[in-house]
Amino acid sequence: MTRSAVVGLALAALALSGCVAPAPDDAAYESKAASTAKAAVSESRTALLATRTAADGRLLGTYLEPVLVDAEQALGSVQTTFDSVQPPATSAADDLRATLDPLLQSAASDVTDLRIAARRERADALRSTSSHLSGVADRLETFAQEHGG
Amino acid sequence: MRASELLGASVRTPDGRRLGVVTGLRCSLDGPSSGPTPAPRVRALVVSGRLAGAALGYQQEGQRGPWVVRALIRALHRHTRLVDVALVDRIDDGTVLLSAAPGEPDGR
Amino acid sequence: MKRLLSVFLGVLTAIGGFVDIGDLVANSLAGARFGLSLVWVTLLGVVGICLFAEMSGRVAAVTHRGTFDLVRERLGPRAGLLNLVASVLVTVLTFTAEIGGVALALELATSVNYLLFVPVVGFAVWLVIWRMRFEVLENVFGLLGLALVVFAVALWKLNPAWGDLLHAIVVPHKPASEDLSTYLYYGVALFGAAMTPYEVFFFSSGAVEERWTAKDIPTSRINVFIGFPLGGLLSVAIAACAALVLMPQGIEVGTLGQVGLPVAVAVGKLGLAVAILGFFAATFGAALETGLSTGYSIAQYFGWQWGKFVRPQQAARFHVVVLLALIASIAGVLTTADPIKVTEYSIVFSAVALPLTYFPILVVANDPVYMGEHVNGRLSNVLGTVFLGVILVVAVAAIPLMLLTAAGQ
Amino acid sequence: MTDETFDLRLRLLDRQIVDPDGAMICKVDDVELTPADDGGLVVTALLAGPLALGPRLPGRLGRWTVALARRWSDDPDPAPRRIPFERVTDLGSAVVLDRSRDELGVAGLEDWVRTHVIDRIPGSRHASE
């Protein structure tokens with residue numbers, strides 16, 4: 001195999017694995033935080049939309065659970081990926097992390113609660129968790145917008 | 001001999017000049033065969049500068065479109081000539097040696 | 001009357017069979033992220049697939065030879081083999097994505113994890129390929145695929161401002177928040193999804209399976225020129241639903257469940273059930289097509305007997321190839337690689353492989369010795385040449401765009 | 001084929017070979033040429049199988065194909081499968097022969113796969129329904 005082919009394969013493997021190099025500076029870290037928040041908004045709102053549609057009697061019972069499970073898993077991996085990035089040693093980076101991390105955790109645990117309540121068919125729990133998650137999603141969205149996402 | 005030994009072989013004149021490579025084998029359908037179909041008889045070697053694109057069929061009459069492809073392939077093969085098979089002296093490990101230099105390219 | 005009915009049936013199956021997992025995912029993804037600003041790519045792709053499907057159908061009807069038979073004849077054994085390897089890799093990747101898609105559709109219908117369905121789905125695919133007559137297989141899954149019309153119903157129920165919708169399609173604006181490279185990357189994906197090469201292998205080999213002759217060319221044209229554009233409209237409806245329901249919420253599509261959500265919102269439970277049926281039929285039908293196409297391509301290159309018009313015993317190597325492709329695909333899904341991600345890669349690699357399929361078809365459709373009076377006309381050639389240029393640009397740009405955008409992230 | 005002359009590479013090589021019923025037999029993987037008494041080279045046989053295709057494939061792949069086919073064969077000096085040109089009844093979009101695959105005995109792998117794999121699966125002898 002020629003060297004260019006090896007380089008090409010390595011590049012392809014890097015792209016396919018979707019992994020991110022450790023953030024080198026504040027700007028890159030901020031952009032990573034913003035895209036993380038955006039991804040979390042997407043998953044939270046998916047869970048919310050599905051739950052709301054189900055509450056309106058418009059979603060099949062079997063459909064809700066896989067959608068919630070997928071959102072839960074995706075949120076988990078979004079958070080893990082963000083946490084695996086080594087933040088630059090600046091107070092700005094620490095602030096970003098201190099704001100975003102609790103929001104991610106909150107969103108993840110809300111979606112988990114939704115999934116549990118959905119399986120138990122607890123309408124009241126679904127409603128209260130939804131309204132909480134809705135607030136978290138809005139804050140995540142604001143965060144993403146503020147940081148250029 | 002197999003046809004594939006001829007195709008792609010380079011063609012040289014007795015004085016060692018390289019004419020190109022064999023890109024096709026012009027046949028007439030009048031060879032001896034004990035079956036219902038007369039056997040193809042190779043009349044001439046199609047000799048061109050390069051092999052690429054020669055099997056697409058643009059060196060034969062009739063294959064016209066699309067225009068861009070035809071123009072490209074014809075440009076690649078503009079120095080194509082037919083070499084009468086009677087001029088072949090011997091075939092040696094990927095090289096066709098001619099017994100005499102053929103005439104000028106027939107312009108196709 | 002009977003003939004009219006069969007033409008009508010042909011059109012319906014062409015519509016229902018148009019959409020596969022790649023179209024579902026790519027259109028929903030692009031709709032949720034870029035609104036309707038990429039619909040023009042889908043429309044372009046539909047024109048392209050119509051053009052080349054008609055050509056390959058005509059070639060198959062006149063010569064009774066499948067696409068790869070001719071690919072090898074025109075490109076020779078070396079370039080033909082390279083072409084074969086690339087096409088088979090892409091087709092098997094698509095096969096994997098379709099099987100994953102069937103399993104995901106079943107998950108949405110039952111709440112049972114999709115991985116548990118994979119062996120059953122694999123066996124069912126094999127059984128249908130092994131036992132069901134070609135015409136039956138094509139019609140059943142084509143007609144069931146029409147269930148996806150529910151996306152058009154959903155769009156109508158969402159009652160959008162139609163004028164704005166049309167304007168967004170005709171005068172596309174890239175959303176300001178997105179990079180140009182990302183926009184183009186998704187354009188490549190949509191183009192690859194609309195023009196997937198296996199559709200042409202399947203269409204031309206199907207013409208041989210059904211023993212078409214030159215007399216069937218008009219029927220084939222009706223199927224292609226009416227069925228495919230209407231199928232393409234389903235793709236547009238899927239994109240529009242995502243643009244109307246998911247985009248305002250900031251939802252990015254990453255699962256099949258998200259693709260169906262707009263239907264639930266707009267139409268309700270029954271509509272959603274129909275959508276799931278559509279997902280199932282579209283992916284199962286496409287799984288059959290990709291599986292068969294793998295066998296068609298390899299058998300045609302080597303000159304083996306292929307096809308479902310003979311007993312399996314008489315096409316032993318063909319059936320073994322299909323079986324091996326199926327086993328590889330099942331193994332691929334069971335690695336737990338996300339089927340939606342597999343789909344995204346399969347359509348981008350399809351875009352890379354496009355010229356390999358379409359160039360030889362264009363050349364053979366121009367061969368007067370083969371085609372006689374059915375040789376390509378001027379319009380086919382002008383459009384064919386333009387599309388060949390487009391396809392080449394897309395194929396060359398696909399991988400650099402993928403690396404540049406980290407696969408659209 | 002009404003052309004006065006035609007190109008062997010374009011019209012014969014790599015073309016599908018079928019039997020009188022249209023059943024596919026193999027490809028024209030290569031063509032055997034023999035010098036004729038009255039001049040020129042005449043096609044005397046069509047060659048098929050890995051031993052004919054292998055030498056036409058590039059480099060290592062070609063050599064491996066040939067080596068593998070040699071190992072597979074019982075014959076100490078295996079040759080490609082040879083179909084005398086007398087068998088050809090028509091040269092069109094396919095090369096048509098006057099015998100079936102089984103009568104010609106040219107498909108080793110197909111027979112092996114049929115006996116060892118396909119025949120063992122129920123339903124292999126029946127047409128689809």
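How many of the 26 residues of α15(C) are buried? In this predicted model, the count is 22, so the helix is largely enclosed by the rest of the structure. Helix α15 of chain C comprises residues 339–364. From its first C-alpha to its last, α15(C) reaches 36 Å, close to the 38 Å expected at 1.5 Å a residue. The helix is nevertheless bent by about 45° at Ala353(C), and a proline, Pro355(C), follows within four residues.

A second helix of chain C, α6, is formed by the twelve residues 134–145. At 1.5 Å a residue these should span 16 Å, and the end C-alpha atoms are indeed 16 Å apart, which agrees. The buried residues of α6(C) are Leu137(C), Glu138(C), Phe141(C), Gly142(C) and Gly145(C). When α6(C) is viewed down its axis, these buried residues fall within an arc of 110°, so they line one face of the helix. The elements of chain C that cover them include α1 (2–16), α5 (114–131), α10 (197–209) and α13 (269–302).

In chain D, an open sheet is built from four strands in the order β3-β2-β8-β7, with mixed pairing. The edges are occupied by β3 (24–27) and β7 (88–91) of chain D; each has a single partner strand, so one side of each is left without a neighbour in the sheet. On average, and with direction ignored, neighbouring strands of this sheet are turned by 25° against each other. The edge strand β7(D) runs antiparallel to β8 (residues 95–97) of chain D, to which three bridges join it. Across this pair, Leu91(D) stands opposite Val95(D) in β8(D).

Contacts between chains were also examined. Four pairs of chains touch, and the most contacts among them are between chains B and D. This contact draws 31 residues from chain D and 29 residues from chain B. On the side of chain D that touches chain B, at least two residues each are supplied by β1 (5–7), α1 (8–11), β4 (30–35), β5 (41–48) and β7 of chain D. Of the elements of chain D, β5(D) gives the most to this side, with five residues. Strand β7(D) thus appears both at an edge of the four-stranded sheet and on the side of chain D that touches chain B.

Other chains remain apart. Chain A does not touch chain B, their nearest C-alpha atoms being 24 Å apart. Chain A and chain D likewise do not touch, and their nearest C-alpha atoms are 13 Å apart.

Conventions. Residues numbered from 1 in each chain as written. Chains lettered and ligands numbered in written order. Predicted model: local features only at pLDDT ≥ 70, side-chain atom pairs only at ≥ 80, totals over all residues. Expected span 1.5 Å × (residues − 1). Buried ≥ 20, exposed ≤ 12 C-beta atoms within 10 Å, placed from the backbone. Arc of directions from axis to C-beta. Contact = placed C-beta atoms within 7 Å. Pairing = 2+ DSSP bridges. Axes fitted to C-alpha atoms, helices over the stretch in contact; angles between N-to-C directions. Bend = angle between axes of the 7 residues up to and from the residue.
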